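Welcome! Please take a moment to look over the sequence and the model before reading on.

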Amino acid sequence: MSIKPLIILPDPVLRQVSKPVERVDAALRKLADDMLDTMYDAPGIGLAAIQVGEPLRMLVIDLAKEDETPAPHVFINPEILESADQRSVYEEGCLSIPDYYAEVERPAAVRVKYLDRDGKLQEIEAEGLMATCLQHEIDHLNGVLFIDHISKLKRDMVVKKFKKLARDKPSGSKAPGKLVG
């Protein structure tokens, strides 16, 4: 298992639409394990494959708190089947947009079908933070970032800041250290 470098805004890779996974095999499971290691190291609670430069429809989530036993979930080819009419607001952050957080309104609950790490078809009815995290990560698979759900003015300011940081960053330097979300 290894920690992979994170793709950071304004990298255009983040705007790619990820391709469906055609086969669940040992190589894909290793990528899932590497993604979990990368997510835990960041630290974060969710990570889409595109965020480590792999344009595949796969994501990982673990909502366990630091003092709890890890509870990793792997979602392959996730698809939202149903969204609640009721909305909820969470302050979201993103490992690909370090140190920026904003309140985002999304459906409060979703029903998602996906393949698990063994290639078995599963379905989950999620609400609260799990619903928000699933929608955030599935957005990544579609080339959508959480900043696309905030005002154009705020989004433009964030993109401008990250373009400047990318321009000013010495080559070979890493993204900032510890991140949440």
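Below is a short tour of some local features, from the backbone to the helices. Please keep in mind that this is a predicted model.

**Unusual backbone spots**

Let us begin with the backbone. Most residues other than glycine have a negative phi, and most peptide bonds are trans. The table gathers four places that depart from this habit.

| Place | Backbone feature | Value |
|---|---|---|
| Leu 9 to Pro 10 | cis peptide bond | omega near 15° |
| Ala 42 to Pro 43 | cis peptide bond | omega about -15° |
| Asn 77 | positive phi | about 50° |
| Asp 99 | positive phi | near 65° |

Where do these residues sit? Pro 10 belongs to the segment before α1, a helix of residues 26-41, while Pro 43 is in the loop that leads from α1 to β1 (46-48). Asn 77 is part of strand β3, which covers residues 73-83, and Asp 99 is part of strand β5, residues 97-107. How buried or exposed is Asp 99? With a relative accessible area of 47%, Asp 99 is partly exposed, because that category runs from the 20% limit for buried to the 50% limit for exposed.

**A pair of rings**

Next come the aromatic side chains, which form two aromatic pairs. In one of them, the ring centres of Phe 75 and Tyr 114 are 4.5 Å apart and the planes meet at 55°, so the pair is tilted. This pair connects distant parts of the chain: Phe 75 is in strand β3 and Tyr 114 in strand β6 (residues 109-115), with their positions 39 residues apart in the count. Are these two residues buried or exposed? Phe 75 is buried at 0% relative accessibility, and Tyr 114 is buried too, at 12%.

**Two strands joined by a hairpin**

Strand β5, already met through Asp 99, has a partner. Strand β4 (residues 87-94) runs antiparallel to β5, and seven bridges join the two. A hairpin of two residues makes the connection from β4 to β5. Across this pairing, Ser 88 stands opposite Arg 106 of β5.

**Helix α3 and its two sides**

Now turn to helix α3, which holds the 17 residues 152-168. From first C-alpha to last, α3 reaches 24 Å, close to the 24 Å expected at 1.5 Å a residue. Which residues of α3 are buried? They are Arg 155, Val 158, Val 159 and Phe 162. Viewed down the axis of α3, the buried residues fall within an arc of 95°, so they line one face of the helix. A general rule helps here: an α-helix has 3.6 residues a turn, so residues three or four places apart point the same way. What do the buried residues of α3 pack against? Their partner is β5. On the other side of α3, the exposed residues are Leu 153, Met 157, Lys 160 and Arg 167.

**An annotated residue in α2**

The last stop is Glu 137, where the unreviewed UniProt entry places the feature "active site". Such annotations may be inferred rather than shown by experiment. Glu 137 lies in helix α2, residues 128-141. Its relative accessibility is 3%, so Glu 137 counts as buried. Leaving aside residues up to four places away in sequence, Glu 137 touches Gly 46, Leu 47, Ala 48, Gln 51, Leu 59 and Ile 61.

Definitions and conventions
Residues numbered from 1 in each chain as written. Predicted model: local features only at pLDDT ≥ 70, side-chain atom pairs only at ≥ 80, totals over all residues. Heavy atoms only, no water. Helix = DSSP H or I, 4+ residues; strand = E, 2+ residues; numbered from the N terminus. Buried < 20%, exposed > 50% of the residue type's maximum accessible area, 1.4 Å probe, protein only. Phe/Tyr/Trp six-rings, centres within 6.5 Å; stacked < 30°, edge-to-face > 60°. Expected span 1.5 Å × (residues − 1). Arc of directions from axis to C-beta. Contact = heavy atoms within 4.5 Å. Pairing = 2+ DSSP bridges.
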